[in-house]
Amino acid sequence: MAAMPDAGVVAMVMAWADRAGFRVGTGFGLGFLPWAPGTFGSLVGVLLAWWMLGRDRATQLAMAMLFFGVGWWVCEVSSARFGAVDAPQIVADEFLAFPLSVLGLRFARHPGVMMLALVLYRAFDIFKPWPIRELESVPGGLGIMLDDVVAASCVWLVLVSARLLYRTWRNHLLIARSRLER
């Protein structure tokens, strides 16, 4: 029969997990920057998104779900540590939600598109239009993550819409030009 782990070992593992979650939650110290910690956290998200976009769509979706789960946990741990719902030092929500902004969008690997996604993401996250603002009332790590997930989803919708408009506009111009050349 297997022996139960010692309570001291369990406590030590739990304390290590709490410290690790807090470190990730604060972006390994980025959250303690005196200005724009969320923006610096989002820059880490750009690196994660770039890396994620090099994978197939199913893998990207699995990674996004993993990022959300990890984010929920580390934001929960970090908010408990700070004693505040969404302390500004918690930046894991920024870097773990940002990759959703470009999920499945190969064209987002263009530096200009990625920069646009970052600017839009920060704008949605800072100004928090409806329904993003309402999600802040959801308690704990889930609420901390949800407003950023919805902000990223809004960016995704803007990018997809802009791409569709660009392609439609370009096709109309090509058709018009071919008619003029006849």
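## A pocket, a salt-bridge network and some unusual backbone

The residues that line the largest pocket divide into five nonpolar, two polar and eight charged, and I should say straight away that what we are looking at is a predicted model.

Let me stay with that pocket for a moment. The space inside the largest pocket comes to about 220 Å³, and among its 15 lining residues the closest to the centre are Gly38, Pro88, Glu94, Arg122 and Asp125. If you follow the chain, you will find that helices α2 (37–53), α4 (92–97) and α5 (111–127) are the elements that each give two or more residues to this lining. Which of the elements gives the largest share of the lining? It is α2, with three residues.

Please keep Glu94, Arg122 and Asp125 in mind, since they return in the next part, which is about salt bridges. The model has seven salt bridges by the rule used here. One of them joins Glu94 to Arg122, where the closest N and O atoms are 3.8 Å apart, and this pair links distant parts of the chain, with Glu94 in helix α4 and Arg122 in helix α5, 28 residues apart. Are these two residues, Glu94 and Arg122, buried or exposed? Both of them are buried.

Arg122 also meets Asp125 in a salt bridge, at 2.8 Å from N to O. Here the partners, Asp125 and Arg122, sit in helix α5 together, three residues apart, which is about one turn of the helix, and Asp125 is buried, as is Arg122.

A further salt bridge is formed by Glu136 and Lys128, whose closest N and O atoms lie 3.7 Å apart. The two ends of this pair are worth taking one at a time. Lys128 has a relative accessible area of 12%, and because buried means under 20%, Lys128 counts as buried. Glu136, with a relative accessible area of 32%, lies between the 20% and 50% limits and is therefore partly exposed. What do the salt bridges that share partners make of Glu94, Arg122, Asp125, Lys128, Glu136 and Asp147? They join these residues into one network.

Now to the backbone, where Lys128 comes up again. Lys128 is placed in the loop between α5 and α6, and although it is not a glycine, it has a positive phi of about 45 degrees. Pro131 is also placed in the loop between α5 and α6 (132–135), and the peptide bond that runs from Trp130 to Pro131 is cis, with omega near 5 degrees.

Where else should you look for a positive phi in a residue other than glycine? At Ala36, where phi is near 55 degrees; this residue is placed in the loop between α1 and α2. Ala36 counts as partly exposed because its relative accessibility is 34%.

Finally, I would like to turn to the surface, where Val9, Met12 and Val13 make a nonpolar patch of about 280 Å². Val9 is found in helix α1, which covers residues 7–25, and with a relative accessibility of 41% this valine is counted as partly exposed.

If you open the structure afterwards, I would suggest beginning with Arg122, which is among the residues closest to the centre of the largest pocket and belongs to the salt-bridge network that I described.

Key. Residues are numbered from 1 along each chain as its sequence is written. This is a predicted model: local features need pLDDT of at least 70, side-chain atom pairs count only at pLDDT 80 or more; totals for chains, interfaces and linings use all residues. Side-chain values use heavy atoms; hydrogens and water are left out. On a 1 Å grid over the protein atoms alone, a cavity is a set of points where a 1.4 Å probe fits but cannot get out, and a pocket is an open set with protein on both sides within 12 Å along at least five of seven lines; lining residues have an atom within 4 Å of a point. Grid points are joined across faces, edges and corners, and a volume is the space filled by probe spheres set on the points. Helices (H or I, at least four residues) and strands (E, at least two) are DSSP runs, numbered from the N terminus. Ala, Val, Leu, Ile, Met, Phe, Trp, Tyr, Cys and Pro count as nonpolar, Asp, Glu, Lys and Arg as charged, and the others, Gly among them, as polar. Patches are made of residues with over 30% relative accessible area and no salt bridge: like charges are joined within 9 Å, nonpolar side chains (Val, Leu, Ile, Met, Phe, Trp, Tyr) within 5 Å. Accessible areas come from the Shrake-Rupley method with a 1.4 Å probe; for residues, only the protein chains shown count as cover. A salt bridge is a side-chain nitrogen of Lys or Arg within 4 Å of a carboxyl oxygen of Asp or Glu. Buried means under 20% relative accessible area, exposed over 50%, partly exposed in between (1.4 Å probe, protein chains only).
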